[in-house]
Amino acid sequence: MIGASEQSDQIERNERTWILIVLLCVAFLVLAGRLAWLQIVQGDMLLRESEANRLREDPVQAPRGLLVDREGRALVQNRPSRNLVIDPAGVRRHEKELLALLVQFQDAEGNQLFDSTFIKRLFRQARLTPSQRPVLLEDASPEEMALFAENQYRLPGILLEVAMRREYPYGTLAGHVLGYTGEVPEERLESLQTQGYRLGDLIGQMGLEQQYESDLRGKDGIRWIEVDAKGRIVGVPDDMPSTEPVPGKHVRTTIDLDLQKVAEEALPDSLNGSVVALDPRTGEILAMASSPRIDPNIFALPGRRRAREWAKLALDSRRPLNNRAIQGLYEPGSTFKLVTSLAGLLTGQWGAHARFPATCRGGFRFGARYQRCWLDKPPYHGNLDMYGALTQSCDVYYYQLGLLLGMEPINSTAATLGLGSKTGVDLPNEKPGLLVDSAIHERRNKRLGWKWARGLILNLAIGQGQLVTPLQLATMVGGIANGDRVMRPHLMKAVLEPESNRILRESENNVLHALDWSPKIVDAIHGGMDSVVNGMRGTGRAVRLPGIRVGAKTGSAENPHGEKTHALFVCAAPMDSAEIAIGVILENAGGGGAVAGPIAAKLLKQYFHKTGRLPPDSVLAAQKGRR
Amino acid sequence: MNRSQDDLKARFDTLLFGLVCVLGCISVALLYSISSAPQQAEYWKKQILWYGIGLGAMVGVTILPRRFWYQASYFLYGILILPLAFVSASAKGAERWFALGGFHFQPSEFAKLGVLLALARLFSDRRVGLNNLKPLVAPFVMFFVPFILILKQPNLSTALSVAMVFTTMLFWSGFTILDLLILASPLISVGLSFEFTWWAVYNILAWFVLFQRWRMSRLSGKVAVVFGLSILMAGLVSQIAWNQVLKPHQRSRILTFLDPTRDPAGAGYQVLQSQVAIGSGGLTGKGFGQGSQSNLQFLPEEHTDFIFAVLSEQFGFVGCVVVLGLLLAFLIRCLQMCFDESDRFRNLVIVGAVTIFSFHTIVNVAMTLGLMPVTGLPLPFLSYGGSFVITCMILVGFLLHMRLGDDR
């Protein structure tokens, strides 16, 4: 028998059991509802998130194109180097441990490898842009690699990447021409991102590396990798598309490595200056050297050492970062007398054999002032025609010629020969130089209140007052030697397809200015240049070569900053059909014929040795001995 | 008494046992699916071992004579609580494990069994209610000692599950839902004290209810006053504690516990990754063994606390609903026993066991779904873990026993 109380008790408990069942069902319904929300409503979004968790874009570096000389010899190479990089996903949850460990690392001398502010900055960078990997250690040495390998298991998220580094096998050789690459500067990163540049990418920052950046730079490939929660690479998913890297194109330069070597050797380190040799027929630059030199390899050094070397260069009072061949501005001095002579011949106002009334006795009186000739001691130049005046570089002759012509024909001749404006060479930051006439003189000296006076023509007629670059000098003398055209100087010969070396694009040989000179005028100026070298009292005897007709003009420009003059020298050979034109400028070095001439001579010899038209030096010396 | 073979068969709950077997197999399959990671390679094999031991324990529990568990309950309570005290005394911090002959187990898991039996026995001979507090003293002490010991380990979640058992038994032994609310009213006051308006409204409401209860003679005056004051005090004390006593980092730790998304790299990481894993399963899942979140260890603790996320990623909404359905069917089947069971002790054991299972299931799943703070409660039958699987199987043993032992 079940008592009444017990029965009611049972009923009450059954009621409570029902309540419990209902509560359970409600709770499970809530859970199922939340499940539906996450899996059905947000399912796609969370699926993408889980894919983003496991898949990572891994750029595959495309090799940068090489720069080779005209015969295909590499002037710049790529070399593999090892970088330690931070994988943002991998370090995210281990920053504290990593920091504590990394600050303990020391190099061989016991110096701390990383300081904590540096590491913290990288971590912050990694958090902000998780798709990019900041570089912890560039170009790790074998010792540093060993240190990393030992501790690898304790360094989650620190990865080893093999990257290509630029290497310049000849060091400082043609350093200014080749330029260098560096990481994309942060302030330019934003504008360059549209072109696919990422943080840490290299970009050409000077010289040909900068000029032909778009050709040299390849297109990085993309590989997808699967990573686990610690950022360790688990595998390569086969269902994701990957793109292969496209290597950069090679650029064949017009540089002749052999000639460039001679130019570099000939140009002393102790002097500031520049040598440019080009082929006047095409404008191809065969050699271009600038002193003091830079070694582009220092820009490929790892971080701190690079900064140190960079600072050294940037603070050097000799300004080695300047490529003096295109950025150095010098007064042309007596080399400008070629222009003044040509102006006289071209206007028809003066003949090559005509003589001025005033004879050179060491100077020239113009109004109240007496302007000296460079040779103001006996034996004086005397009364010369144009050949004699060019040969001995008589100032008095050109004072009078200048006064006769006025600046207008002189400047227009100079402009035709490429002076006073950029030549348009394929290098960044070329300087235009300066030609002076009355308007320009007054504009430039407005603040000083200086007015134009005819007496100034005396200075300008002998090349004191204008500004030219060594490249402009070489271009000019090349044009004069051609007699019919001035070619635009250039350094790119062809752009080559990587691997096959098939020519993709060849540089056009552009005529800068066509010259419609009569043969008589050409013969006259060539004769003058010839006698500078081969004449009895010629100032350019240094470049005399057996069997080859060399024409030249020397210059010794007065220099407001130093006791010694700037030494200038221009020459071309062979004069009948010129193949090489050279411009040399040395700062504070002395007379052009004595100092700059021998440098040009070394280049000429090399050039003609190589083409077989001049026996080697030893044979020449023996011939000389026999004579 | 004469018992035929058929009789025994009829009384053995095949459905209940079948559900447990299916859930066990799902557990092993899920652990197998994540075995590609080297540190997880062995779990599925070990889980089979735990289920083997658990089954043995279950059979042992089931076949013991009729009044054994009733009579042995206080004794079992004693010896299962003892290691708890020992662990608490010996270890400094979060030591929840107890080593015995190279075998590590969690005493708090087994302590739950002792508390369950002892409370069931105590409550079986009394009706309780808030109007009569005297019969509540013994059960309260019996609950409070292990509760504090487990809380001190610290193991908040297990302590709370013990508290839930106690609460359900109160409900089942006479407390109404309103009684339970009054019991919990000081805690609610703490929760609301951070918003003064709500707290004030709540106070007025609570005082009104207490007054009504007293007028209807459902509550003694003294008790009503005690609760009324404690509601007031709880709010004030919690505000003072929060603003004056707790240091900023302690406050921050509590807030992060309640809302893990405050710390997405730390505590929130698990919750976030768990939700990503679950959601990425979509309707039908990524397929068996194809869960990238679980295979690549984006899910922490995936073999224990986050096993449900592993399930969700691979089998999607459909798989989850099936498993939740199985668990719900199991729980309802257990409660169903109460309907035709007149013995109060057995009923209380059943209700207590169901409470433990339900609490674990709901809290665990809610936690993986990002609905509750991460506490570290495993999911019954599915999560990996020796102590936990064995405890679950012993509880199943109780349930089977309660039904089987009817006429013995």
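**Sheets, bridges and an interface in a predicted two-chain model**

In chain A, three strands make up an open sheet in the order S4-S3-S5, with antiparallel pairing; two strands count as paired if DSSP finds at least two bridges between them, and strands (E, at least two residues) as well as helices (H or I, at least four residues) are DSSP runs numbered from the N terminus. This is a predicted model, in which local features need pLDDT of at least 70 and side-chain atom pairs count only at pLDDT 80 or more, while totals for chains, interfaces and linings use all residues. Residues are numbered from 1 along each chain as its sequence is written, chains are lettered from A and ligands numbered from 1 in the order in which they are written, and side-chain values use heavy atoms, with hydrogens and water left out.

To return to this sheet, strand S4 (135-137) and strand S5 (158-167) of chain A stand at its edges, and each has a single partner strand, so one side of each is left without a neighbour in the sheet. Neighbouring strands here are turned by 55° against each other on average, direction ignored, where axes are lines fitted to C-alpha atoms, for helices over the stretch in contact, and angles run from 0 to 180 degrees between N-to-C directions. Strand S3 (residues 77-86) of chain A is joined to S4(A) by two bridges, and these two strands run antiparallel; Val85(A) has Val135(A), in S4(A), as its bridge partner. Against this sheet packs helix H5 (residues 116-128) of chain A, which touches S3 and S4 of chain A and whose direction makes about 155° with that of S4(A); contact means heavy atoms within 4.5 Å. It helps to remember, when looking at any such strand, that in a regular strand the side chains alternate between the two faces of the sheet.

Another open sheet of chain A has four strands in the order S2-S10-S16-S17, with mixed pairing. Its edges are strand S2 (67-68) and S17 of chain A, each with a single partner strand, so one side of each is left without a neighbour in the sheet. Within this sheet, strand S10 (residues 250-253) of chain A pairs with S16(A) in the antiparallel sense over four bridges, and His250(A) has Leu496(A), in S16(A), as its bridge partner. Strand S16 (residues 492-496) of chain A is in turn joined by three bridges to strand S17 (residues 503-506) of chain A, again running antiparallel, with Arg505(A) in S17(A) as the bridge partner of Val495(A). The hairpin of S16(A) and S17(A) has six residues between the strands, and in this hairpin Glu499(A) takes a positive phi near 70°.

A further hairpin is built from strand S13 (residues 363-366) and strand S14 (residues 369-372) of chain A, which run antiparallel and are joined by four bridges. Phe364(A) stands opposite Gln371(A) in S14(A), and in this hairpin, which has two residues between the strands, Gly367(A) takes a positive phi near 60°.

Some details of the backbone deserve a careful look, since most residues other than glycine have a negative phi, and most peptide bonds are trans. Ser393(A), which is not a glycine, has a positive phi of about 55°, and this residue is placed in the loop between H15 and helix H16 (395-405) of chain A. The peptide bond from Ser291(A) to Pro292(A) is cis, with omega near 0°, and Pro292(A) is found in the loop between strand S12 (284-291) and helix H12 (303-315) of chain A. A cis peptide bond also joins Pro378(A) and Pro379(A), with omega about -5°, and Pro379(A) is found in the loop between S14 and helix H15 (386-392) of chain A.

Over all chains, the structure holds 44 salt bridges, a salt bridge being a side-chain nitrogen of Lys or Arg within 4 Å of a carboxyl oxygen of Asp or Glu. One of them joins Lys610(A) and Glu71(A), whose closest N and O atoms are 2.7 Å apart. Lys610(A) lies in helix H22 (residues 592-610) of chain A and Glu71(A) in the loop between S2 and S3 of chain A, so the pair ties together parts that are 539 residues apart in sequence.

Where the two chains meet, 53 residues of chain B are in contact with 39 residues of chain A. The count between chain B and chain A is one salt bridge, in which the side chains of Glu12(A) and Arg127(B) meet at 3.5 Å, N to O.
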